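Please open the model in your viewer and keep the selection tool at hand. The stops below move from the whole chain to individual side chains.

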Amino acid sequence: MRKISVLLFLAWVGFLFYAGIALFTSGFLLTRLELTNHSSCQEPPGPGSLPWGSRGEPGACWMASRFSRLVLVLIDALRFDFAQPQLSHVSGEPPVSLPFLGKLGFLQRILEIQPHHARLYQSRVDPPTTTMQRLKALTTGSLPTFIDAGSNFASYAIAEDNLVKQLTSTVDSGEWDVLITHFLGVDHCGHKHGPHHPEMAKKLSQMDQVIQGLVERLENDTLLVVTGDHGMTTSGNHGGDSELETSAALFLYSPTALFPSAPPEEPKVIPQISLVPTLALLLGLPIPFGNIGEVIAEVFSEVEDSQPHSSTLAQASALHLNAQQVSRFLHTYSTAAQDLQVKELHRLQNLFSKASADYQRLLQSPQGAEAALQIVITELQQFLRGVRAMCIESWARFSLVRMAGGAALLAATCFLCLLVSQWATSPGFCFRPLLIPMAWGLTGAVVCAGLLATTGLKLDSVVLGAMAAVGSLLPFLWKAWAGWGAKRPLAALLPMPEPVLLLLLIRFAGFFSDSFVIAEARAAPFLLISLILLLVAQLHWEGKLLPPKLLTIPRLGFLTPAGPPHHNGTHALGLGVGLLLCIRLAGLFHRCPEETPACSSSPWLSPLASMVGGRAKNVWYGACVGALAALLAAVRLWLRRYGNLKSPEPPVLFVRWGLPLMGLGTAAYWALASGADEAPPRLRALVAGASVMLPRAVAGLAASGLMLLLWRPVTVLVKAAAGAPRTRTVLTPFSGPPTSQADLDYVVPQIYRHMQEEFRGRLERTKSQGPLTVAAYQLGSVYSAAMVTALTLLAFPLLLLHAERISLVFLLLFLQSFLLLHLLAAGIPITTPGPFTVPWQAVSAWAFMATQTFYSTGHQPVFPAIHWHAAFVGVPEGHDFTWLSALLVGTNTFASHILFAVGCPLLLLWPFLCESQGPRKRRQPPGNEAEARVRPEEEEEPLMEMRLRDAPHHFNAALLQLGLKYLFVLGIQILACALAASILRRHLMVWKVFAPKFIFEAMGFIVSSVGLCLGIALVMRVDGAVSSWFRQLVLAQQKAGEQSSLVYMGAGSSAREAQSHLLPPYSQDLLASGTSLFYNSKS
């Protein structure tokens, strides 16, 4: 029941955080209202006569079509400079040698040979620069809001009126009218190799051949449009708002003359959404209802002066139709929603009314009105551009009530974590009160939701979830504060050491600075190093860095040991220095934010396939495989060190044979991925198939290993032998009365155990026959062994989702985690029988290391830095498993959060594990009782993690406290991000820095909280399996009717060296059954 209570309470706390995040997000990242209205030819966009070209013609729409067919070639991630020619070398300047320049040479030849038939534009893209949002803009002419970036995966349909829907509903000639092609190769090559790789030049040359083939087959009534949906950064990613990401190429071509003049030297810059109304009017279609783009006026000029009206009037007609459609949209939208600025809306409507009246007047007397038409064109363009600017600003308005409610809920949940984490260490703590107020609150929220549903009131799921959270949180806080918190001073609720509290406050305040957020990749290691130095200094202040000889007290000519420290000074300092070195080395794998142009990202973050030169690639491949082998060897050596490789249980067998197979599969996949482009043509299909199957095989093996671990988590080696185990006598030389508490702590336990052994010996001498001795190995590290095995199994699939050279970072990650755990264990006292606690500095250091690893694996909290190549690992080309791609990319991004959250229980387990590393004298060979009494004193064999089972109540309370402390540290980070985003919501960098940071922190918190619950659940599963193992042993002994002894072996020696120690009271059930329990930490 205690285990279930802990897991349910942690899950409930996670739900409270989720509700706060969702409520704040709904007020901060608003989505605009999507109208369901559609344009049609039967409904003109506004009053007044239609343009001259559509009068009286059968089938004419708002404007007569200029083209009968359209070929739209969408090249994903076609950056504008990809379409530029190779620049000639200018004397005095260094030559430009970029692989992608000049590869679309056919476009340049067309522009030079047929200047009146073609035009190249620089298309300015609105962020976010993700594919689905750009496709939505290219078809609707609208502005996807920031939060729509989350629908980059699993977006199948566009609900708004769009160009494709107009084409399918209007055009019906019996033959093909529109050909749309979407090429993903350039985008895929950018994610995999980057734009400066020779593969990009090869891919652009292929696109150049495709365009040339299309141009050669075009008929005179066909318009060719070649465009990119967005650009890409220098690393090949996209999603943000940098210059390279928002710059795309747009190329228009027609076999007939389309432009009255030659192209300018510098291509014009036009908004991307301008393409939608332009294509609609050129094809004789209605402009989509929600479009706010501006037509490209020059394509409506009259090339041949055979028409009765001038080019200026034609441009004015197209712009007026466009403005009428936008004005109609504004009127409809402002009626349905109130998020547009009223004052600016009235100003723009007045501007449009004046321009429209001038246009209608000029239609009546068009002769000699060129100057007046230019004024009308200018006014219409001002109106259209003003509407676009107003919509961009208005659709970023916030709901302050929801934002404040979400932040308040996050703050209250953080206080709850702090309150209950301290309550869990109190002597009278009980688990049952954790669930009662929570159950009543949730019941009330469900009843309230039911009443709202029956009465027909509409309430969105976010508000309903927030109501359920508040309804369950307030009663619990009231009961906890009234029953426990009010009885203690407020300072007792903030038990963190002042230096740790100062570091957390510095980190909290840093989220309010855009410079700190941008430079967090350097700030997080600095805070971690500061905390490590603080830990070393604390050990020095507490005297734990002094050598043992300085911890002795001379008394009556004797040296009485006061208890040796966990680590001597040299060892602890070595841990600190090694940890600092690992952090510094991991910092070499960094990605620079785009806001710091002087910084250079590490070249080691790119995959090996992007490298040019076989020798360097082979050297790096060998280093990556070596890091993988070192990681496997380190895990196996650690398990062997604590004796966890001797059991015949299935998980141990999997560690022996399954982990090497996973390592071989990973190395083989790296070899294929790095050399796939160099494979012979007849083997490329085989290589592609193997590149898909190998990651799946490794992931399948990892899943199998985890299932085996959950099935049989106790890796115990049991041996039975006849005869009673020998006991030994612990002799304490008399050196006078104890003079200090250290003397009492050292002497009294020895006397107690000596009395136990004497009593045990008397019982054995009364038996006619020697009992059966059962030796059980590896119980001293049973919990840690399961955690380390699970983390290793998780690391392999996560490693496959990263570039090959990130394996070096994973090796450093495991190494610095090992060093940090040992350093933390040196300062955590082991209290028996409890309560057990994990200090705040340990939890804070663990959370800081998770953040540091996030940056060391090449991530940044911005969308352009997402490792999109992870979406293609183990997935065949042309797949439609969008949910799987999203899962792979998310797992890659938050790999560090997963590993550190799942491994968080090691902070509680490791100090007990390190108990076996204290200095102990070598055990003498067993002999008779007389010899034992005259032997020199021997150190007691430690119980290690079995101490946790001595006090199950304190064990579960410690797990609850650990989980709440970790959630508190993560919670104040997401709270700081929420407050910073709300206070600085009008800041210049809100959408570039603060909004992405909040989104990444929110997703990271969700992933971490789930991983934390899974890690604690694994420890509880092991604990339950150990209890079941004990019960089975009791039943077996009772069924056999025999009296037996059980010897527990941990780490450090063999079975023939095992000597027995009577276990403390957790085994009373076995004692009552006639089974004698003995423990030894050697195996």
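A residue is called buried when its relative accessible area is under 20%, exposed when it is over 50%, and partly exposed in between, with a 1.4 Å probe and only protein chains considered. Helices (H or I, at least four residues) and strands (E, at least two) are DSSP runs numbered from the N terminus. This is a predicted model, in which local features need pLDDT of at least 70 and side-chain atom pairs count only at pLDDT 80 or more, while totals for chains, interfaces and linings use all residues. Residues are numbered from 1 along each chain as its sequence is written, and side-chain values use heavy atoms, with hydrogens and water left out.

**The whole chain.** Display the protein chain, which has 32 helices and 12 strands. Of its 1083 residues, 55% are buried.

**Strand β2.** Select residues 118-124, which form strand β2. Six of these seven residues are buried, so the strand is largely enclosed by the rest of the structure. Two strands pair if DSSP finds at least two bridges between them. Add residues 247-253, strand β5, which pairs with β2 in the antiparallel sense over seven bridges. Here arginine 119 stands opposite leucine 252. Then add residues 269-271, strand β6, which runs parallel to β2 and is joined to it by three bridges. The bridge partner of glutamine 122 in β6 is valine 269.

**Helix α3.** Next, select residues 131-140. Eight of the 10 residues of helix α3 are buried, among them Arg134, Lys136 and Leu138. The helix is followed by glycine 141, whose phi is positive, near 75 degrees.

**Aromatic pairs.** Rings of Phe, Tyr and Trp (its six-membered ring) pair if their centres lie within 6.5 Å; planes under 30 degrees apart count as stacked, over 60 as edge-to-face and the rest as tilted. The structure holds 26 such pairs. Select phenylalanine 82 and phenylalanine 100: their ring centres are 5.0 Å apart and their planes are at 55 degrees, so the pair is tilted. Both residues are buried. Now select tryptophan 638 and tryptophan 910, a stacked pair with 5.7 Å from centre to centre and 20 degrees between the planes. Tryptophan 638 lies in helix α18 (residues 614-641) and tryptophan 910 in helix α27 (residues 906-913), 272 residues apart in the chain. Both tryptophans are buried, and they form one aromatic cluster with Tyr642 and Phe818.

**Leucine 585.** Finally, select leucine 585 in helix α17 (residues 569-586). Its relative accessibility is 35%, which means that leucine 585 counts as partly exposed.
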